[in-house]
Amino acid sequence: MGLGFGSLAKAQNYDHFEKKIRPVLVRECYSCHSQKAKKIKGSLLLDSKEGMLQGGDSGPVLVPGKAGESLLIKALLQKGPKMPPKGPLPKSVIADFQLWIQQGAPDPRTQDSATFKKPKSTSALSIEEGRSFWAFKPLQKTVLPKVKDEAWVQTFIDRYILKSLESKGLEPAPQASRVQLIRRLYFDLIGLPPSTQEVEEFLADTQPGAWERWIDRLLRSKHFGERWGRRWLDVARYADSTGGGRTLTIDEAWRYRDYVVRSFNQNKSYFEFIQEQVAGDLLITEGDSSQKIADALIATGFLLLGPNNYENQDKDLLRMDVVDEQIDTLGRATLAMSLGCARCHDHKFDPIPTSDYYALAGIFRSTKTLTPGNVSGFNKRSLPLPKEQEEKLAALSQNLKNLEAQFKEAQKETKNTQKKLQGLKGKRDVSGILVDDDQATVVGNWTSSTSVAGFVGKRYIHDANEAKGEKSVTFTHKLKEEGLYELLLSYTPGNNRATRVPITIVHAEGHKTTFINQKKNPPINNKYISLGKYRFLADKKAAVTISNKGTSDVVIADSIQFVPLNQKKNPSPKISEAKVAQLEAELKEFKSKEEALKKQVNSLKAKVKKRPVAIAVQDESQTEDWHIHIRGEIRNLGPKVPRGFLTVLPTQKDPISIPQAESGRKQLAHWLVSGSNPLPTRVYVNRVWSHLFGKGLVRTVDNFGVTGEAPSHPELLDALSRWFIENGGSTKALIKLLVRSKIYALSTQGTKIQKELDPQNRLLSHMNLKRLDAEAFRDALLSVSGELDLTMGGPSIDLSKRGKGGKVEYGYQYDEYRRSIYVPVFRNSLYELFDVLDFADPNFSTGLRPETTRSTQALFLMNSPFMIARSKKAGEKILTNTQLKTTEDRIQYIFNRILNRAPSPSELKSIERYLQAASASGEDLEVWAGLCQTLFASLDFRFLK
Amino acid sequence: MNVSDFLPTRRQMLQQVACGFGSIAMADLLHAQGDKDASKDLKVPGGVESIVPHHAPKAKRVIFLFMQGGPSHVDTFDYKERLFKEDKKLLKFRVARSRKITPEKVMKPLWDFNRYGETGQWVSDLFPHMAQHVDDLCFIHSMHTNGVAHGPATLFLHTGATNLVRPSMGSWVIYGLGSENKNLPGFMTIQPSMGNGGPRNYSHGFLPARVQGTPIGRAGQPVQQVGINNLNNDLIPPELQNHQRDLLRSLNSVQSGSEMTDRVEAVIKSFELAFRMQTHAPGLTDLGSESQSTLESYGIGQKETEVFGRQCLMARRMAEAGVRFIQVNYADNGDNPRWDQHSNMPLHMKHAKAVDKPVAGLLQDLKARGLLEDTLVWWGGEFGRNPFAQNKGTGRDHNPDGFTIWLAGGGVKAGFAHGETDEYGHTAVINRVHMHDLHATVLHLLGLDHERLTYRYAGRDFRLTDVHGHVVQDVMA
């Protein structure tokens, strides 16, 4: 190709660019995609050739010569990213761009490629930098610090704290009073106040080791799991409904809640606990007890409890949103890292590249969470039962199978018999001339009856087994046509009937007496017996007489029929009445058998159905690595990344690899608890610390990243972490260690110098003042009012208590008396008391609840029907207690109940003043209830000193 | 209206009230929260900064008239001649729900259109009263949004996200500006729906709880009974409650003793604020002092307009009292709410009758009291409806790809229309305005830059508009 030609062509083409392309780029695009833009969007520059070729976050925007493949054209045509955002350009302009690219996209705006810099999108730590960041470093070995006041030290924790206080020239606060301590310990460990008796008992226990004994006593309480389990439920963003637009109830969520309570009460190792929640289903081994297997399955409910909008119609997006929520929650809960940030781009601050995020996404995409539907559902799995129950269930199932087979057989038999019978009956035609008993001539006293069914007409009559030989019934009839008739006689059979009833027939040829046995079933239609065929004349009366002469037992007279035989229209029935009777008897039997079987089947079915089901995940049938989604857009796929974990954290000697055919959750669970991964232990130990001391050693308990806070006592955090690992991840042991320490027992009262030198009390010179959370507040209230129901566990939602219009979440009638952990947690509309008193937002994993102070809280305490009702109950308890003789008795009593202490003189004065003033404006009960309500609102009830 | 009107009051308030609604709660300020992220913005003076507008505001407050269920734009304000001409014709449309292009039966509007006012804007016969105010309205005919179903779209309208849990726009506004009245919450929503996200639509999300919307009753309650929850009770004689208050004051002063910390002080002050609210707040919902002619202008006293009329009048009283973000809900609690006429378009008439006169009454009243100039009124639903029949029947399905809302007052052009849908009214094509853009624009009018109104949560700076949103300059007066 000649040079001249080339440059000529270029010159021509630049012409097109300069006239048609550049002005449009400047006008429509540069404000966001040029070096001069206030903010460069999508890391894309369109003000140079290099910028266009290199592209932005979504890759190159043009392929010279191929307009159809160029992202720029797709964007202009509003396919994929729609550009410009204000609306499409005229078609002719788009055609100009297409032409330009077809011609090779000649562009004079070249830049020195050395000076061209792709805009950098992140300022995060690199992986290498991250490895020396405190949170990601391996647990450090520390030397026990030496302190001046050795005698003060109770546990090794005290050394670290005292050391830092001494180095600042601070002294620890004095111990809290024993009354304050026992109240503190009860609320911290079981979330309930001590009773007045328990306080007295503790105060009387002055033997050495008393404090430890009381710690152990509370750690053994079944209410321990309710208190500490609820704290984990905050982290697990536990809820009983999905939230979102058309919120769904998660009916089986309570099983997860109970599993958590159980795990804390059993003192399950924390490491086992988190492994179960990520991959319990994959960690089941042969010989595991049924309870263990059930718990392992239920535990994975952790991954399913997220707030997702299941009605979202874009199911691809929903799937990725669910995965995102799982990654984010897992990251916050176990690692205190905000991994969700890396969905759209590398983490802006922490050393977490997008590829790490999609390595985890591959694991969760390979895990089945959703079930398909217009409104999607949760994956569910059946739970095993204890061995004997399982065997019982197996036997029941086998029984059921057998019974079902029998039932089917019976059904078939019934059907066949019915068919046969119908066929037979169809052939028969009993329609003669009827003479009923009420038309007959009766001699003697005959009794009318209907007690045995099967009679003709309205009744039958009998001789009452009396006056034998004196009674008779004669049926007469004047036939219109002479001829041969079959004579049928009906009667109702029975065991008390006569066996030889004489019947005399007067016919054309004379008369005949025959005998019938009325004990037997009448053979025809269960009604008639044939007396034989006789000729009768017209105009001459035919007569049939039933007599009781010579009979023992009851004689029945019901009706007779003359069935004409000599007319062609009425052919004699050619069926065996015996056969019909037999079939009918059989049918009856089959039917009752069928019915009995059906009952058995149904009751068995109900029993077999009782096998419990939990929301739980399982591996997808297809497990695979997944793509990076460029800018987090679900239909903008980048390269695939192999499934894996966070690169920044130290790896084991043998890196964990994920086999193709597995999701990788099992490996993820192992990675979380592997000795080389320091984060989960640091994070958990810090969580426990923060619950007991009001603040964590790292106060940002859910954020151990760069934007979080460094620990106040890093050596202590690591020493505690190592101690925790050495003690097998025992939460109870850790709590005991912490509450046994000297610093736990410090007064909340800081001195002036403490506040001056350490205003935020990071050195823990005194105890932080802790406010009762929503649950402790409510449970304490119910406990004082005497209404608390301590029943444990079971389903959360009672469908009979749902609000108007059948909606569960709105207008739900909450159970007012059970412990707060059993109150259903609805994502869109929280229980009012929870909402007002800073309950954890169930939409986010929450390690430390924000504490707000709002007038809505004051209004709730002053005016809510709940507060008023509890106060009234507490007031009744005062007034009905006959042991309280004086007003002061009553005041002392209620102070001890509500605040676990006696009133101070000035409090006493205030109360006396109140009682005096209030008694003028209210009934006795109102006044005392009003006092209780005010004490519930007072600082010493709401804060733990 | 200028910035200097704003600043002193706000700063004074911070000094005066420790935990008034208008200020950053003292507890937030001084109690180091668990999440340093969250407290970062709140440290003095950082916390004060967020209370100062980013630029001179055009509006001091917003009244959002939420038309739940999605009113049909092609039957109300977006006049399309072709729909009349091509009624019943089978044409291909890209259907939002199925995301497929399918033949659909064009359905003409059920009501006639006329031009009104000096600006000659189109309004159908559904809104004869609103039609009298078109010269005050600023229509946006080119709206589009996210979410095809009510739940996601309603959440998107209120929070800017269909699925992820995010703060409501009202909460963002209070987070940015605080309340004008120290005795009242800054964000109120009158009779909100319990459906389609329910309280999440006025929730603070991860923002501090003080910016939570305060519901005034809920949808379906008798309108005469609505009020702030727990504001009063009828179980304790008022006099006795006064004695309780005195006792609480003296107990708390004894119990706080020498340990009086800022947290404890905040608790004590929260009660003082509650006592003041008991005095001030009931007036918001009590219409007893309104003149007969005012009541009549809102349609109060007429059966069809009684409920929405009362709601609109409460909104005006709140605006006067300095409530900054007021939402009036024409809503119920159903999954197929109010304007959701999938199979029976004529029902639109019932809903139009219920809101038309009250809305016109509100506009007129605001104007007469000089409130319209610094109050931004916003009328609209979560999406519009299709110009074709659903399942070829007599209703219309949801349409998030093109619909109309209108703004009035507070700094927007009066008698103006921005943007267009295509010739059938199906998709916004000219000067498209995404819901993110509308959010950015509303914040802008209030003096807030949507890109700078951020909150750091869990290691990330969040915005109402996520990473999107462009202020629609064209509608600015």
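Here is a short chat about how two chains meet and how one helix sits in the model.

Me: What makes this a model to read with cut-offs in mind?
Reply: It's predicted, so local features need pLDDT of at least 70 and side-chain atom pairs 80 or more, while totals for chains, interfaces and linings use all residues. Residues are numbered from 1 along each chain as its sequence is written, with chains lettered from A and ligands numbered from 1 in the order in which they are written.

Me: Why are α25(A) and α10(B) called roughly perpendicular?
Reply: Their axes, lines fitted to C-alpha atoms over the stretch in contact, cross at about 75° and are 8 Å apart. Angles of 65 to 115 degrees count as roughly perpendicular, so that label fits the pair.

Me: Which residues of α25(A) and α10(B) make the contact?
Reply: S855(A), Q857(A), A858(A), L859(A) and M862(A) meet S270(B), F271(B), L273(B), A274(B) and M277(B). Contact means C-beta atoms, placed from the backbone, within 7 Å.

Me: How many residues does each chain give to the contact?
Reply: Chain A gives 73 and chain B gives 72. On chain A's side, α14, α25, α28, α29 and α30 each supply two or more.

Me: How do you know whether helix α7 of chain B is enclosed or open?
Reply: Buried means 20 or more other C-beta atoms within 10 Å of a residue's own. Ten of the ten residues in 150-159 are buried, so α7(B) is largely enclosed by the rest of the structure. The cover includes α8 and α15 of chain B. Just past α7(B), G160(B) has a positive phi of about 75°.

Note on methods. Two residues are in contact if their C-beta atoms, placed from the backbone, lie within 7 Å. Helices (H or I, at least four residues) and strands (E, at least two) are DSSP runs, numbered from the N terminus. A residue is buried if 20 or more other C-beta atoms lie within 10 Å of its own, exposed if 12 or fewer, and partly exposed in between; C-beta atoms are placed from the backbone. Axes are lines fitted to C-alpha atoms, for helices over the stretch in contact, and angles run from 0 to 180 degrees between N-to-C directions. Angles under 35 degrees count as roughly parallel, over 145 as roughly antiparallel, 65 to 115 as roughly perpendicular and the rest as oblique.
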